[in-house]
Amino acid sequence: MARTVGIGIQSFEKIRRNNCFYVDKTGFIKEWWENQDDVTLITRPRRFGKTLMMDTLEQFFSIKYKENGELFEGLSIWKEEKPYEQRCFHSGRQAVL
Ligand SMILES: Nc1ncnc2c1ncn2[C@@H]1O[C@H](COP(=O)(O)OP(=O)(O)O)[C@@H](O)[C@H]1O
Ligand SMILES: [Mg+2]
């Protein structure tokens, strides 16, 4: 059955738990992490998925959500070597604003 397209959902957890249509952009997590930039500025375009990506990064890195690893199951970042260990390693060590 076709998945529901969530309108205006900016919560990665909600999209995943409700099994909504999601374009897998989790490869960005690795790319962004490996760049080691001090600052990342993405100001445009509108409706590009910036807010949802910020929430996704928080879900991935924040120790607050350490039990939410399964939300990433089956996505691109999940297929990385030892993704779970990587996530645990990074959790709580990065400030997510
Ligand atoms: N990867 C994605 N897969 C599916 N829907 C997405 C994705 N990224 C964003 N959206 C949807 O697109 C809309 C705009 O996303 P949003 O994060 O608010 O964009 P921005 O902050 O860049 O304006 C929202 O309805 C959101 O649920
Ligand atoms: Mg936004």
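This is a short tour of one chain and the ligand that sits with it.

Before we start, a word on the ground rules: residues are numbered from 1 along each chain as its sequence is written, while chains are lettered from A and ligands numbered from 1 in the order in which they are written. What you see is a predicted model, where local features need pLDDT of at least 70, side-chain atom pairs count only at pLDDT 80 or more, and totals for chains, interfaces and linings use all residues.

**Confidence and overall layout**

The pLDDT score is the predictor's confidence in each residue, on a scale from 0 to 100. Here the chain averages 84, and 81% of the residues score at least 70. Among the chain's elements, helix H1 has the highest mean pLDDT at 97, and helix H4 (residues 83-90) has the lowest at 58.

As for the fold, you'll find four helices and zero strands, giving the pattern α-α-α-α along the sequence. Helices and strands are taken from DSSP runs (H or I over at least four residues for a helix, E over at least two for a strand) and numbered from the N terminus.

Of the chain's 97 residues, 11% count as buried. A residue is called buried if 20 or more other C-beta atoms lie within 10 Å of its own, exposed if 12 or fewer do, and partly exposed in between, with C-beta atoms placed from the backbone. Two residues are in contact if those backbone-placed C-beta atoms lie within 7 Å. Among contacts between residues at least 6 apart in sequence, 63% join residues at least 24 apart.

**Helix H3 and Gln59**

Helix H3 covers residues 50-61, twelve in number. From its first C-alpha to its last it reaches 16 Å, close to the 16 Å expected, where the expected span is 1.5 Å times one less than the number of residues. Its buried residues are Thr56, Gln59, Phe60 and Phe61.

Gln59 is worth a closer look. Why does Gln59 count as buried? Because 22 other C-beta atoms lie within 10 Å. Setting aside neighbours within four places in sequence, Gln59 is in contact with Phe12, Glu13, Tyr65, Asn68 and Leu71. Gln59 and Leu71 are twelve residues apart in sequence, with their C-alpha atoms 8.8 Å apart in space.

**The loops**

Now for the stretches between helices. Three loop residues make a handy set:

| Residue | Loop | C-beta atoms within 10 Å |
|---|---|---|
| Asn19 | between H1 and H2 | 11, exposed |
| Asp24 | between H1 and H2 | 12, exposed |
| Gln36 | between H2 and H3 | 6, exposed |

Asn19 has a positive phi of about 55 degrees, although it is not a glycine. Gln36 isn't a glycine either, and its phi is positive too, at about 55 degrees.

Asp24 reaches a distant part of the sequence: not counting residues up to four places away, Asp24 touches Leu75 and Ser76. The C-alpha atoms of Asp24 and Phe72 are separated by 9.8 Å, with their positions 48 residues apart along the chain.

Over in the loop between helix H2 (27-35) and H3 you'll find Pro45. The peptide bond leading from Arg44 to Pro45 is cis, with omega near -5 degrees.

**Around the ligand**

Which residues come closest to ligand 1? They are Val23, Gly49, Lys50, Thr51 and Leu52, out of 16 that surround it. A residue counts as near a molecule if its C-beta atom, placed from the backbone, lies within 6 Å of that molecule.

This shell divides into seven nonpolar, five polar and four charged residues. In this scheme Ala, Val, Leu, Ile, Met, Phe, Trp, Tyr, Cys and Pro are nonpolar, Asp, Glu, Lys and Arg are charged, and the others, Gly among them, are polar.
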